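User: Hello! Could you walk me through the charged side chains and aromatic rings of this protein, step by step?

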Amino acid sequence: MVNKNITKVCVGSIHDFPVSLGKTVKVNGKEIAVFKLSSGKIRAIENRCPHKGGVLSEGIVSGDSVFCPMHDWKICLHDGNVQEPDSGCVDTYEASVEGDLLYLLIEE
């Protein structure tokens, strides 16, 4: 069993994250796209599309997915997988809300 270091990092007030729009946060040298979905759920993923590096926080959110602004690749915000027929994935990060503060769990 591999012992992983997980850091809980506050990335701001939940009110700083608009519904159905992405926002970029930087944590420990990683650029992460954070989304507050219309359902109220928070999703956080790597901020670069695996295709050509499109900035995912600038993509269009639909349901539990974001469409890359460069070439319209559809990426699931739950598991980071790209929808077929395209392929690839991005890292995902667990998020939690405590009071008004939003935290991400980052593996080091």
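Analyst: Happy to help; what follows is a short set of questions and answers. This is a predicted model, in which local features need pLDDT of at least 70, side-chain atom pairs count only at pLDDT 80 or more, and totals for chains, interfaces and linings use all residues. Residues are numbered from 1 along each chain as its sequence is written, and side-chain values use heavy atoms, with hydrogens and water left out.

User: How many salt bridges are there?

Analyst: Side chains of opposite charge can pair when their charged atoms come close. A salt bridge here is a side-chain nitrogen of Lys or Arg within 4 Å of a carboxyl oxygen of Asp or Glu. By this rule, the count is three.

User: How many residues apart in sequence are the parts that E98 and K8 tie together?

Analyst: E98 and K8 form a salt bridge, with N to O at 2.4 Å. Strands are DSSP runs of E with at least two residues, numbered from the N terminus. E98 lies in strand β8 (residues 92–98) and K8 in strand β1 (residues 6–13), so the pair ties together parts whose separation in sequence is 90 residues.

User: Is K26 buried or exposed?

Analyst: Buried means under 20% relative accessible area, exposed means over 50%, and partly exposed is in between (1.4 Å probe, protein chains only). The relative accessible area of K26 is 68%. K26 therefore counts as exposed.

User: Which residues are linked in a network of salt bridges?

Analyst: K26 pairs with E31, their closest N and O atoms being 4.0 Å apart. E31 also pairs with R48, where the closest N and O atoms are 3.5 Å apart. E31 lies in strand β3 (residues 30–36) and R48 in the loop between β4 (42–46) and β5 (60–62), so this pair ties together parts that are 17 residues apart in sequence. The network links K26, E31 and R48.

User: Which residue lies over the face of Y103?

Analyst: A charge sits over a ring if NZ of Lys or CZ of Arg is within 6 Å of the ring centre and within 35 degrees of the ring normal. For Y103, the distance from the ring centre is 4.8 Å. The residue over its face is K8.

User: And the charged end of which residue sits over the ring of F17?

Analyst: Here the distance from the centre of the F17 ring is 4.9 Å. The charged end over that ring belongs to K23.

Definitions and conventions
Helix = DSSP H or I, 4+ residues; strand = E, 2+ residues; numbered from the N terminus.
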